[in-house]
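Reader: I am new to this structure and would like to learn how to read its features one at a time. Could you take me through them, giving the general idea before each case?

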Amino acid sequence: MEQSITDAAAASRVPPQRHSVRRQVLDALRAALVAGELTPGEVYSAPALAECFGVSATPVREAMQQLAVEGAVEVVPNRGFRVAQRSARELAELAEVRALLEVPVILTLAESVAPERWTSLRPFAEAAVAAAAKGDRAAYLEADRAFHQAVLGMAGNQQLVIVADDLHRRAQWPLAQGQAVRTADLVADAAEHVALLDALASGELAVVESLVRQHFAGAA
């Protein structure tokens, strides 16, 4: 069943600069997904979404195709795009794969990166804390991804960052049916970032290992 985008998403109309329209539409759709404004299981047509954003259907189709690659939506021939439905098991599996990838890297970095270098990542952790305090899930998820990108970036392996970020984004939306995220959950998650940075900066390897394993266990 086709459903028009909510008034909140429709309010984020995209300015008509051609060079940036696709990017802006993609960002707006991602925000609508994490805010729950696009309902899992519902089918949305590109022309209907384009009307909401005040653009042509072409950049919307291009943006939705990108979201299909990321696993957030599924192509429905001759109808549009269906928002993917995540089960709790799928989200847990994504968290497990992320842990298998990121935990060993972070533990290796804890032993090889000079403690003082970790202080340069403080702004990323603080941005996540600020977004969490406001209860802004969309802003928090972007800050969360930026923090993990910055940490993994210390390894100097761009492909690692790209693969890990793709998994991270897939784990962020849509939520499993019936799942809700409270502001307190975001605040607690952001606090783990700060605690992890503190442990890394002070060279407390045992604490780092405990925190990083706890962080990914919580993500499941």
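Author: Let us begin with a hairpin, keeping in mind that this is a predicted model. Here strand 2 and strand 3 form a hairpin with three residues between them, and Asn78, which lies in the turn, has a positive phi of about 65 degrees.

Reader: How many bridges join strand 2 to strand 3, and in which sense do they run?

Author: The two strands run antiparallel and are joined by four bridges; within this pairing, Val76 stands opposite Gly80 in strand 3.

Reader: What is the order of the strands in the open sheet?

Author: Three strands make up the open sheet, in the order 1-3-2, with antiparallel pairing. Strand 1 (43–44) and strand 2 (73–76) stand at the edges and have a single partner strand each, so one side of each is left without a neighbour in the sheet. Strand 1 pairs with strand 3 (residues 80–83) in the antiparallel sense over two bridges, and Val43 stands opposite Arg82 in strand 3.

Reader: Which strands does helix 4 touch where it packs on the sheet?

Author: Helix 4 (residues 57–69) touches strand 2 and strand 3, and its direction makes about 120 degrees with that of strand 2.

Reader: Turning to cavities, what volume does the largest cavity have, and which residues line it?

Author: A cut-off is needed before counting: one cavity of 30 Å³ or more is found, and the largest cavity has a volume of about 40 Å³. Its lining is formed by Ile106, Phe147, His148, Val151, His193, Leu196, Val212, His215 and Phe216. The elements that give two or more residues to this lining are helix 7 (137–153), helix 9 (183–202) and helix 10 (205–219). By kind, the lining residues divide into six nonpolar, three polar and no charged.

Reader: Where is the pLDDT below 50?

Author: Where pLDDT is low, the predicted coordinates should not be read in detail. The chain averages a pLDDT of 87, and 87% of the residues score at least 70. Over residues 6–16, however, the pLDDT is below 50, although this stretch has 21 contacts in the model beyond near neighbours in sequence.

Conventions:
Residues numbered from 1 in each chain as written. Predicted model: local features only at pLDDT ≥ 70, side-chain atom pairs only at ≥ 80, totals over all residues. Heavy atoms only, no water. 1 Å grid on protein atoms, 1.4 Å probe; cavity = no way out; pocket = protein on both sides within 12 Å on 5 of 7 lines; lining within 4 Å. Points joined across faces, edges and corners; volume = space filled by probe spheres on them. Nonpolar A, V, L, I, M, F, W, Y, C, P; charged D, E, K, R; others polar. Pairing = 2+ DSSP bridges. Contact = heavy atoms within 4.5 Å. Axes fitted to C-alpha atoms, helices over the stretch in contact; angles between N-to-C directions. pLDDT = per-residue confidence, 0-100.
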